[in-house]
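Thank you all for making time this morning. I would like to walk you through one model, going from its domains down to a single residue.

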Amino acid sequence: MPLLEVNSVSASYADGVEVLHGIDLAVNQGEMVTLIGANGAGKTTTLRAIMGLLRAQGSIKFDGVEILGRETPEIAKLGISMVPEGRGVFPGLSVYDNLRVATTPWIRRGQSAAEDLDRVFELFPILAERRKQLGWSLSGGQQQMLAIGRAIMARPKLMLLDEPSLGLAPNLVEEVFEKLRSINEQGVSILLVEQNAFMALEYSRLAYVIERGTVSKQMSSSALLDDEGIKAAYLGG
Ligand SMILES: Nc1ncnc2c1ncn2[C@@H]1O[C@H](COP(=O)(O)OP(=O)(O)OP(=O)(O)O)[C@@H](O)[C@H]1O
Ligand SMILES: [Mg+2]
């Protein structure tokens with residue numbers, strides 16, 4: 001049974017125009033899966049639908065449970081966390097506080113977040129070094145690490161990432177992907193949307209191509225890297 005199973009999901013924004021027309025995809029336990037597609041194809045909307053951030057039709061099962069129609073906090077509590085495009089770091093909060101705000105559900109249940117913080121700081125030593133620094137003062141790469149760290153604080157089984165490499169220098173892009181690999185190896189499944197398709201396909205085993213609101217292709221990343229049509233369309237020829 002896949003960890004995440006998206007079946008025939010369609011969705012519209014408030015203007016009523018349907019932008020997803022029956023998305024089908026699955027992420028198995030322990031996998032890192034990439035979603036690629038042109039601008040406006042519906043990648044972000046697919047992640048938002050999974051996270052319960054817009055009204056959708058169809059079926060989205062997580063861990064065997066139907067989550068379509070549930071509220072976002074409930075979906076987060078079940079074990080999905082999202083790293084949005086643009087990172088969403090709180091500029092006026094310290095690194096430490098940016099991480100702590102993501103721990104509320106655990107603290108409320110009387111559990112300590114100390115281990116989660118340790119785990120994030122172990123994964124991202126730079127965040128430990130800069131723990132007192134305010135969010136705005138971090139570099140783009142450090143903000144991305146912080147956004148990923150914050151998602152980890154919620155103890156996810158599945159992480160959704162929207163263009164984590166956007167705007168990062170090439171050496172940092174590789175570092176971000178290496179971190180994602182470590183997180184994945186620690187047992188967190190990953191669904192990744194990426195413009196940097198080459199890099200994403202190198203790090204994932206399975207990939208889906210979204211075109212105009214539907215999944216047009218599903219294949220192993222290595223096969224996709226060899227696909228002439230895909231190369232021309234998404235990988236710069
Ligand atoms: N808030 C919104 N209201 C109305 N339409 C929207 C909204 N956000 C996105 N859309 C439309 O939905 C479609 C899919 O957008 P989406 O952001 O999911 O694409 P994407 O694949 O993530 O693109 P990009 O690569 O540019 O991030 C586009 O036609 C877009 O114009
Ligand atoms: Mg997008």
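How many salt bridges does the rule find across the interface of domain 1 and domain 2? In this predicted model, the answer is zero for the interface of domain 1 and domain 2. Let me set out what that interface consists of. The domain assignment gives domain 1 as 4-79 + 156-234 and domain 2 as 91-154, and 15 residues from domain 1 together with 13 residues from domain 2 take part in the contact. The two domains bury about 1200 Å² between them, with 71% of it on carbon and sulfur atoms, while their C-alpha centres lie 24 Å apart.

Turning now to the sheet, we have four strands in an open arrangement, in the order β2-β1-β4-β5, paired in the antiparallel sense. Strands β2 (18-27) and β5 (65-66) each have a single partner strand and stand at the edges, so one side of each is left without a neighbour in the sheet. Between β4, which covers residues 56-62, and β5 the antiparallel pairing rests on two bridges, and in β5 it is V65 that serves as the bridge partner of F62. Across β1 (4-12), β2 and β4 lies helix α1, residues 43-50, which runs at about 70° to β2.

Finally, a word on S182, which sits in helix α8, residues 170-185. S182 counts as partly exposed because its relative accessibility is 26%, a value that falls between the cut-offs of 20% for buried and 50% for exposed. From C-alpha to C-alpha, S182 and L123 are 8.2 Å apart in space, although 59 residues separate them in sequence.

Conventions: Residues are numbered from 1 along each chain as its sequence is written. Chains are lettered from A and ligands numbered from 1 in the order in which they are written. This is a predicted model: local features need pLDDT of at least 70, side-chain atom pairs count only at pLDDT 80 or more; totals for chains, interfaces and linings use all residues. Side-chain values use heavy atoms; hydrogens and water are left out. Buried means under 20% relative accessible area, exposed over 50%, partly exposed in between (1.4 Å probe, protein chains only). Two strands pair if DSSP finds at least two bridges between them. Contact means heavy atoms within 4.5 Å. Axes are lines fitted to C-alpha atoms, for helices over the stretch in contact, and angles run from 0 to 180 degrees between N-to-C directions. Domain bounds come from an automatic or database domain assignment. Buried area is the accessible area (1.4 Å probe) that two parts lose on being put together, summed over both. A salt bridge is a side-chain nitrogen of Lys or Arg within 4 Å of a carboxyl oxygen of Asp or Glu.
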